[in-house]
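The following exercises concern strand pairing and helix packing. Each task is followed by a solution that proceeds step by step.

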Amino acid sequence: MPKPASSPSFAALVQAYFADYLTQQRALSPQTIATYRDAMVLFLQFAQSQLGKAPVAMTLAEITPQLLTAFLDHLEQQRHNCVRSRNARLAALRSFLKFAAHRDVASLQVLERALGIPVKRFERPMFGYLSPEEMQAVIQAPPNTWIGRRDHLLLQMLYNTGARVSEITHVNVGDVVLEERAACVHLHGKGRKQRSVPLWHSTINAIRAWLKQNPDLGAGDPLLPARNGRAMTRANVSLRLAAAVQTASERYPALASYTVSPHTIRHNPGCRIMPGSPGVLL
């Protein structure tokens, strides 16, 4: 009579989860895998201190609701993680536990209890937004220099598309379509998701003017390069936005009291009517 197959070790499950399941079966982006990896590393370090054994010697049965709850408390109290970060770590561990439950039936009961730990509720802040007049003042604030013209297009595209900073900074010249009635920009977002966003006439004109002034930009070059020719960084975008807001506050003093971030601009298009399309919300 054949012997029943033995359950995989905890170490083998962790290796299979990262080396095969996330990369091959789910084909997640490197950034997402890195986030899951960081959560696992933090948990294993905490579990080692609590259980007194190396991660390689751990078993799934030892991942109890009590251990997970203590880890989540540790994140908030000792590491000072916000609730959002705490919930993100929990989501990463849940993903692993669901994976492990299908491969170690003997530990299913313990894992089901651990999976029952709920996310922590928190109040979501209301996002502020600028009036159309204030937003236009910010967009028009950059000076008539090479950097100023780039910043003008940067702010115009952020406002037009409602895109994340990472999506805008990774737009190449070849991602922009300027054909009449089909003008759009192809954005590459989180999780390798792609989407196309229509462009306003004002944005089309700004892009055409920018490309005319920079004829050396090829299809594979960043549309909004830094001085070194590479894509702008998130920090660079925030600094340029802050400079534009400061200049615009001379005309609209209330701007000086606002906290204006790229995320603020991202929420602005949904709070107004799309130019040229009465009654159609972006």
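**Exercise 1.** Determine which residue of E3 stands opposite Val185, and establish the order of the strands in the sheet.

*Solution.* Step 1. Val185 stands opposite Val197 in E3. The model is a predicted one, in which local features need pLDDT of at least 70, side-chain atom pairs count only at pLDDT 80 or more, and totals for chains, interfaces and linings use all residues. Residues are numbered from 1 along each chain as its sequence is written, and side-chain values use heavy atoms, with hydrogens and water left out.

Step 2. Strand E2 (residues 184–188) pairs with strand E1 (residues 176–177) in the antiparallel sense over two bridges. Strands are DSSP runs of at least two E residues, helices are runs of at least four H or I residues, and both are numbered from the N terminus. Pairing requires that DSSP find at least two bridges between the strands. Within E2, Val185 is the residue that Val176 stands opposite.

Step 3. The connection between E1 and E2 is a hairpin with six residues between the strands, and Arg181 in the turn has a positive phi of about 70°.

Step 4. On the E3 side, E2 pairs with residues 194–198 in the antiparallel sense over five bridges. One further bridge partnership is that of His186 with Ser196 in E3.

Step 5. The result is an open sheet of three strands in the order E1-E2-E3, with antiparallel pairing. E1 and E3 are the edge strands, each pairing on one side only.

**Exercise 2.** Classify the packing of H1 against H2 by angle and by handedness.

*Solution.* Step 1. The axes of H1 (residues 10–25) and H2 (residues 30–51) come within 11 Å and cross at roughly 170°. Axes are lines fitted to C-alpha atoms, for helices over the stretch in contact, and angles run from 0 to 180 degrees between N-to-C directions.

Step 2. H1 and H2 are therefore roughly antiparallel to each other (a term for angles over 145 degrees).

Step 3. The crossing of H1 and H2 is right-handed (the near helix is turned clockwise from the far one by less than a right angle).

Step 4. In H1, Phe10, Tyr17, Phe18, Leu22 and Thr23 meet Ile33, Tyr36, Arg37, Met40 and Leu44 of H2 (contact means heavy atoms within 4.5 Å). By class, this contact of H1 with H2 has eight nonpolar, one polar and one charged residues. Here Ala, Val, Leu, Ile, Met, Phe, Trp, Tyr, Cys and Pro count as nonpolar, Asp, Glu, Lys and Arg as charged, and the others, Gly among them, as polar.

**Exercise 3.** What are the packing angles of H4 with H3 and with H2?

*Solution.* Step 1. H3 (residues 65–77) and H4 (residues 83–101) pack at an angle of about 150°, with their axes 9 Å apart. That makes H3 roughly antiparallel to H4.

Step 2. H3 passes H4 in a right-handed crossing. The contact includes Leu68 and Phe71 of H3 and Leu90 and Leu93 of H4. By class, the contact of H3 with H4 has eight nonpolar, no polar and three charged residues.

Step 3. H2 and H4 pack at an angle of about 90°, and their axes are 9 Å apart. That makes H2 roughly perpendicular to H4 (65 to 115 degrees).

Step 4. Among the residues in this contact are Tyr36 and Met40 in H2 and Arg89 and Leu93 in H4. By class, the contact of H2 with H4 has eight nonpolar, two polar and two charged residues.

Note on methods:
Angles under 35 degrees count as roughly parallel, over 145 as roughly antiparallel, 65 to 115 as roughly perpendicular and the rest as oblique.
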